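User: Hello! I am new to this structure and would like a close look at a single part, one helix together with what surrounds it. Could you walk me through it in plain words?

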Amino acid sequence: MSAFRPCAIVPSHNHWRVAGHVVAGLRAAGLPVIVIDDGSAEPARAALAALHDPAGGVTVRRLDANQGKGGAVVEGFRLALAAGHTHAVQVDADGQHDLGAVPDLLALARRHPQALVTGVPVYDASIPRGRAVGRWITHVWVWVETLSLRLRDTMCGFRVYPLDPVRRLLDDGARIGRRMDFDTEIMVRLFWRGTPVAELPVRVTYPPDNTSNFDMLRDNVRISLMHTRLVLTMLTRFPSILANRPPRLAGATHWAALGERGLYWGLRFCAGAYRLLGRRGCMAVLAPIVLYFYLTGAEQRRASNAFLARAFAAQGRPRQPSFLDGYRHFLSFAGRALDTFIGWAGGMPPDAVRPAEVDALRAAAADPRGAVFIVAHLGNVDLSRALLDEATRRRLLVLVHTRHAANYNRILAEFNPQAAVNTFQVTEIGPDTAIALKERVERGDWVVIAGDRTPVGGQGRVSRVPFLGADAPFSQGPYILAALLECPVYLLFCVRDGAHHRLYAEKLADRIDLPRGRREQALATYAAAFARSLERHALQTPFQWYNFFDFWAPPGGAEKR
């Protein structure tokens, strides 16, 4: 394998207040840093020049005339290539990007050295609405330009470039926008030439005092012209673009980067169909739509096949999953979404969820203390929440990890306002969040958190424990949170059984203990206990497993240890 010699490129135009912090974070990750001062005025010019320290791994190159973000990054490419680097991490100097994700980006680049590794933003509430709308418009145009849905976000300036295909693209004289049209255009043109793309979710914030170099009029015009240029080029090079379509990379996408395809209109369609036709009629109408998503969702289809193959082997079935098995798996997911809607719309009878093993749940209900409930994307725990009495429902605080989950609950709330009650979007649990949750638990509330999804930001906060015949990464977050909250921990599952759902609850621990010196071992023990329970229920109902991503892949592309 050829050497992997990455560096970082930081383009900056008048961003100097946080540039030193960005550079320090990149140096802490072991990266040589190339800062491009793109014609900054004082005091930014002097502040950026002061960062120049070749002996310490920091090179500052000044462009006297402002070239735009793209022009600055291209200058960084030239310096990186001249220094013999094989890859370049692009990081904006405005502090919006989570530098803690750099090790995960680099790990993914090591696994796929030929790929462009890009961050897929996971935004908090600070993103301006206009930016969010503009990004979605660009996403749609990119899908047209690439004849593919594979590029989920081309505007994030937090990525790792393989420099060899970049060099060839520049040497061939490709016309690439040099300002705010750069990030999208270079990714599309590299994709056209066969460069695969790997994705990793990264947290992005818009600080209140952030200074943007985006020119609302001029840059929107540039972006519009870029899309026009790319569409016309695509039409003239249609055969070669299809012939050079890059290969898909197995396990190159984190679960949080997989968008909820057709979420909004899908739920609205389900609502209308259910009201007219009932559940069976609605499922019949959904069948061809689900078939479309099954045929076009290659990554989700592969994940379904991989899971079912492991489940069948563990059950002793002497065969591999068939096409119909995979389609049945997708139909089951559609049925889950429909049942959830029906439950929140008041269409489920009171006995739709029946107790199976719930002694632990009864004990928790009788206990005035709060608790942590760990759930999984198996079956339909959300349906059980929909059918709870109001007093018990208000005792819940459901942590959701992505914007998609928050949007899902918000759409359900259009049909029943209670659906959005006590849901809280969080990408990581910091001190403020932990304090707020501690207060809720002390009031007797139950914090509900998924145990089968790895952290959005990566950072290696996982324990690899046995699951269906191989080690899989399970988040340590639920157990660290429970230790901080000093409360009992329960596991909760709700799976469909014929026309009804069965509810299962068990107590994991009265309190999570993480002894000093044996913390990792203790976390792995708790994660393994959850994995064993999850495996038991998953083998009973394999088609109700709804993690449609490579569950056994290392989180964030990290190497297996």
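Analyst: What follows starts with helix α12 and then moves outward to the cores, the salt bridges and a few other places.

A word on the ground rules. This is a predicted model, in which local features need pLDDT of at least 70 and side-chain atom pairs count only at pLDDT 80 or more, while totals for chains, interfaces and linings use all residues. Residues are numbered from 1 along each chain as its sequence is written, and side-chain values use heavy atoms, with hydrogens and water left out.

Helices (H or I, at least four residues) and strands (E, at least two) are DSSP runs, numbered from the N terminus. Helix α12 covers residues 323-344. How far should its 22 residues span at 1.5 Å a residue? The expected span is 1.5 Å times one less than the number of residues. For α12 this gives 32 Å, and its end C-alpha atoms are 32 Å apart, which agrees. Just after the helix comes Gly346, with a positive phi near 85°.

Is α12 mostly covered or mostly open? Buried means under 20% relative accessible area, exposed over 50%, and partly exposed in between (1.4 Å probe, protein chains only). By that yardstick 16 of the 22 residues of α12 are buried, and the helix is mostly covered.

One residue to look at here is His329, which is found in α12. His329 counts as buried because its relative accessibility is 0%. Its side chain reaches the backbone oxygen of Trp545 at 2.5 Å. This is a polar contact, that is, a pair of N or O atoms within 3.5 Å; within protein, one must be able to donate a hydrogen and the other to accept it, and residues adjacent in sequence count only if both atoms are side-chain atoms. Contact in the wider sense means heavy atoms within 4.5 Å. Leaving aside neighbours within four places in sequence, His329 is in contact with Ser304, Phe307, Leu308, Pro542, Phe543, Trp545 and Phe548.

Now for the nonpolar cores. A nonpolar core is a set of buried Ala, Val, Leu, Ile, Met, Phe, Trp, Tyr and Cys residues joined through side-chain atoms within 4.5 Å. The largest one has 49 residues, and those with the most contacts inside it are Val372, Ile374, Phe467, Phe474, Tyr479, Phe530 and Leu534. Helix α19 gives the most to this core, with 10 residues. Apart from it lies another core, of 37 residues, among them Met283, Ala334, Ala371 and Val375. Phe530 touches several residues beyond four places away in sequence, including Ile374, Val375, Phe474, Tyr479 and Phe493.

Next come the charged pairs. A salt bridge is a side-chain nitrogen of Lys or Arg within 4 Å of a carboxyl oxygen of Asp or Glu, and the structure holds 29 of them. One joins Asp351 and Arg354, whose closest N and O atoms are 3.2 Å apart. Asp351 is partly exposed at 36% relative accessibility, and Arg354 is partly exposed at 29%.

Another salt bridge pairs Arg369 with Asp510, with the closest N and O atoms 3.2 Å apart. This pair links distant parts of the chain, 141 residues apart: Arg369 is in the loop between α13 and β9, and Asp510 is in the loop between β16 and α19. Arg369 counts as partly exposed at 39%, as does Asp510 at 40%.

The side chains of Arg511 and Glu486 also meet in a salt bridge, at 2.8 Å from N to O. Arg511 lies in the loop between β16 and α19 and Glu486 in the loop between α18 and β15, so the pair ties together parts that are 25 residues apart in sequence. Elsewhere, Asp164, Arg167, Arg168 and Asp171 are linked in a network of salt bridges.

To finish, here is another helix to set beside α12. In α3 (residues 69-82), the 14 residues should span 20 Å, and the end C-alpha atoms are 20 Å apart, which agrees. Of these 14 residues 11 are buried, so α3 is largely enclosed by the rest of the structure. Among the buried ones are Val73, Val74, Phe77 and Leu79. Helix α3 is followed by Gly84, whose phi is positive, near 85°.
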